[in-house]
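Let's take a walk through this structure together, one stop at a time. Keep the viewer open as you read.

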Amino acid sequence: MTRVERPEGVAEGAMEGPPDAVERLTGAIAVAGGLLALVVAVLATASVLMRWLFDAPIDGDFEYVKMATAVAVFAYLPYTQARRGNIMADTFTLWLPRRVTVWMDAAWDLVYAALMGFVAYALLHGTLDAIRSGETTMQRQIPLWPSIAVAAALCALLAVTAAVTAPRLIRRLVRQGG
Amino acid sequence: MDGPTVALIGFAAMLGLIVLRAPIGLAMFVTGAVGYAYLSSGMALYGYMKTNAYHQFANYTLSVIPLFILMGALAERAGIAAALFRSAEGLLGRMRGGLAMAVILACTGFGAICGSSVATTATFGRAALPELRRYGYDGGFATGTIAVGGTLGILIPPSVILVVYAISTEQNIAKLFQAALIPGLLAALSYCVTIWIVTRRNPGLAPEVMRDAPVRRRRTRWMPALGALIVVIAALARGLGEIGSGGALALVALGGIVALVDAAIMPAILIAVAVVGGIYGGVFTPTEGAAVGAVATLLAGVGQGTLGWREIVAAIRQTAETAGMIFLILLGAEVFGAFMALSRLPTIAADGIGGSGLSPHLVLVIMLGFYILLGAVMDELAMILLTLPVFFPIIQALDFGMPADDAAIWFGILVLIVVGIGLTAPPIGLNVFVISSLARGIPITATYRGVLPFLVADLLRLGLVLGVPGVALWLVRLLN
C-alpha cells in the first residue's frame, strides 16, 4: 500500500524528483481552491456566531459551502495526481521488476486521463443543461452553471495532468537507467 | 446474466484491477461505470455522469471532510501536537514508560482536533519520536506506540472514517461522534495500561525513572478557580433547567480542563471542546463545527505566531493531497455503489441472510473478522466504502434486540475499531508504514513487534463493545 499524506521532509523514494512544472502549476491551483474553502469556512463561522449571538444567521450560507467544496475538491484532484498521492496496492506486484511496474502505473495514468476526459465532457454538457434550464440553488437563487463549468474545466485539467504524469514516470525511469 | 451475477463478476474484476496496481478509486470507478452501462445503457451512464460528479462533491455533509482535514493540517503546522506532547511529558515523564504514555495522552488530545489517523501518526512521529529515542526508549516500542497512538486520530471524534460511514449509510454524524467518545477514551486508557504492563515486564523497552525529565508545566493560580466556577455555573444552569444534560456535561468537561491543564495547550483544548461539544449539543452541524474549528485553529496559530503565510500554504497543500485522494475514492465508491444498487445484490443478500435464521451476532462476528482480514491487505477507507453497500442492509435486516438506528450506530463504532486494528496490524498497516518512513534505522518488523501488545488491547475493546453495546450507545441516549 502506498503512503497517504507523505510527511514532509521524508525521502520520497527514487521515483520522485523536485517539484516540476506540473506539480507547481497544480499546486498553485490547489492552494487557490484551499483558500476558497477557507473563505467559506470563515463565512460559515460568521453565520454560526450571528445565529448564536443575534439569532440572525446568514441565510443559505450552506449553499456557498456546498459550491465551494465542489470547486475546491476539483481543484485538489490534479495536485493529488501530480504528487502521485492516489492510494493503490503495490503488495501484489512487489516481485515484478521496477521496469514493469512503472509501465503499469503509466498505463493507469492514461486510463485515469481518458476517464476524467469523459467526465469533463459529460460535465460540460451538464453545464449547458444547467444554462438552458436556468437552474439555481433553492435559497439564494445562485445560478448553478458557473460552478459546474469551473468543475468541468478543472476536471479537464485533471485529465491533462494524468496524461502528463504518465510520460513523466517513463522519463524518470529512463533517466535512472531502467 | 442476472444483476447479482454481474455484481459478483464486477467485484472480482475490481479486485483484479487493484492487484494490477490500479489506484483504488479508479478501479471502483471503472468497474462501476462498466457494470452500470451493462445493466442499463451507455446513455444512462452518460446521463448519470453529466451532473453526478459535480453533485457528488457539492454535498453539504461531505464538505465536513476537507474542512476537518484542513483543521488538522493547520493544527499540525501550528505546533499544537508538540505543545500537547510537551505538556503530557511534564505530567507523566518521570514514570517508567511515562513518555510513551505521554504520546498516547497527547494523541488523545490531538485526536479531538484531527480526524485522520495517518496525519496524527505523522505529526507525532516528528513531535515525539526524537524525544523517545533521546531518552533511550527501545526503537520498535517507540514507533509501535506512535503508530497505535495515531489511530486515536480516528477513534476520538472528529473522525473522517466515521463521517464516511455516516454518509455511506445515511446515519447521523453527530450521533456517531457521540457514540465514539467513550470507546475512544477507553482505547487511550487501555493503551496506557498496556504500556504500564509491557514496560514492567520488559524493563529494557523503557529507561529507568528519569530524574532529569523536563517538567514544563505552566500553571497559573486563577485557572483552577475559573475551572471550578465553570463547573458551579454548569450545575446551577442544569438545576434551573436552563441547559440540557449535554450542555451541562460539556461545561463540566470544560471546567475540569480549565482547572487542570497547562496554559500552553489551552487554545488546543478549547478548540477541541468547542468543536466536539458544539456538535454534540447540536449548537452547530458537523460541517459548521469543522469550519469553526479550522478558522479557530488558524486564528490561534496566527495569534501565537506559529502560523505564517508559508505554513498556511503548506497546510493547504497537504489538505489538497489528502482530500484529493479521499474524494477520488469517494467518487469511485459512489459509481460502484450505483452499480451495486442497480444489480440488486445488496437487497437479495440482506433478504437471504436476514431470513436464513443465522444468529445475528454470528453474522456480525463473521463480518468483523472479514474486515480484519481484508483490512490487513487493503486500504481501510476503500474497504468500508466497498463493503457497506452490501453489509449495511444485512445488519439492518438482522434483529440485535435494539432499534435499527441504534444497531446502525453500534455497527459504525465496531467498524471503526476494526479499521483502527487494520491500520496497525501486520502485514499492511498504513500507520506503521507512515512511522517507518519517518524512523530510519528502525526496521518495520521491530515496529510490528512493538504494536502487538496493543493489538491485544484492541481485541479486548472490540469484544467489550460487541458484548456491551451500551459502551457506545449510552452517551447517545443520554444526549438525545
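What follows is a tour of a predicted model, starting with chain A and ending in chain B.

Start with the overall build of chain A. Its secondary structure comes to four helices and zero strands, so if you read the elements from the N terminus on, you get α-α-α-α, going by the way helices and strands are assigned here. Chain A has 178 residues, and 52% of them count as buried.

Now for some charged pairs. Over all chains, the structure holds 12 salt bridges. One of them links the side chains of Asp20(A) and Arg168(A), with 3.0 Å from N to O. Asp20(A) sits in the segment before α1 of chain A, while Arg168(A) belongs to helix α4 (residues 145-175) of that chain, so this pair ties together parts that are 148 residues apart in sequence. Is this pair buried or exposed? Both Asp20(A) and Arg168(A) are buried. The pair has company, too: Asp20(A), Arg168(A) and Arg172(A) are linked in a network of salt bridges.

Compare that with a pair inside a single helix. Asp129(A) forms a salt bridge with Arg132(A), and their closest N and O atoms are 2.9 Å apart. Both residues lie in helix α3 (residues 98-133) of chain A, three residues apart, which is about one turn of the helix. Why does that spacing suit a pair of partners? An α-helix has 3.6 residues a turn, so residues three or four places apart point the same way. As for cover, Asp129(A) is partly exposed, with a relative accessible area of 28%, and Arg132(A) counts as exposed at 66%.

Stay on helix α3 of chain A for a moment, since Val119(A) is there as well. This residue is buried, at 1% relative accessibility. Look for Cys155(A) too: its C-alpha atom is separated from that of Val119(A) by 7.2 Å, though the two residues are 36 apart along the chain.

Next, turn to the surface. Where do nonpolar side chains gather there? Leu49(A), Met50(A), Trp52(A), Leu53(A), Phe54(A) and Val283(B) form a nonpolar patch, with about 670 Å² of accessible area together. Notice that the list takes in residues from chain A and one from chain B. Leu49(A) is found in helix α1 (residues 21-54) of chain A, and with a relative accessible area of 42% it is partly exposed.

Over in chain B, there is another salt bridge within a helix. The side chains of Arg134(B) and Glu131(B) meet at 2.6 Å, N to O. These two are three residues apart in helix α8 (residues 129-134) of chain B, so about one helical turn separates them. Their surroundings differ: Arg134(B) counts as exposed at 57% relative accessibility, whereas Glu131(B) counts as buried at 11%.

Some backbone details in chain B are worth a stop as well. Most residues other than glycine have a negative phi, and most peptide bonds are trans. With that in mind, look at Pro157(B) and Pro158(B): a cis peptide bond joins them, with omega at about 0°. Pro158(B) is found in the loop between α9 (139-155) and α10 (160-169) of chain B. Then there is Arg21(B), a residue other than glycine with a positive phi, near 70°. Arg21(B) lies in the loop between α1 (3-19) and α2 (24-39) of chain B, and at a relative accessible area of 10% this arginine is buried.

Arg344(B) also has a positive phi, near 65°. You'll find Arg344(B) in the loop between α16 and α17 (345-354) of chain B, where it counts as partly exposed at 49% relative accessibility. Ser343(B) is in helix α16 (residues 309-343) of chain B and counts as buried at 2%. A polar atom of the Ser343(B) side chain lies 2.7 Å from the backbone oxygen of Met340(B).

Finish with helix α19 (residues 380-397) of chain B. Its 18 residues reach 24 Å from first C-alpha to last, close to the 26 Å expected at 1.5 Å a residue. Where does α19(B) bend? The bend is about 60° and comes at Leu388(B), with a proline, Pro389(B), following within four residues. This helix is also mostly covered, as 14 of its 18 residues are buried.

Technical notes. Residues are numbered from 1 along each chain as its sequence is written. Chains are lettered from A and ligands numbered from 1 in the order in which they are written. This is a predicted model: local features need pLDDT of at least 70, side-chain atom pairs count only at pLDDT 80 or more; totals for chains, interfaces and linings use all residues. Side-chain values use heavy atoms; hydrogens and water are left out. The expected span of a helix is 1.5 Å times one less than its number of residues. The bend at a residue is the angle between axes fitted to the seven residues ending there and the seven starting there. Buried means under 20% relative accessible area, exposed over 50%, partly exposed in between (1.4 Å probe, protein chains only). Patches are made of residues with over 30% relative accessible area and no salt bridge: like charges are joined within 9 Å, nonpolar side chains (Val, Leu, Ile, Met, Phe, Trp, Tyr) within 5 Å. Accessible areas come from the Shrake-Rupley method with a 1.4 Å probe; for residues, only the protein chains shown count as cover. A salt bridge is a side-chain nitrogen of Lys or Arg within 4 Å of a carboxyl oxygen of Asp or Glu. A polar contact is a pair of N or O atoms within 3.5 Å; within protein, one must be able to donate a hydrogen and the other to accept it, and residues adjacent in sequence count only if both atoms are side-chain atoms.
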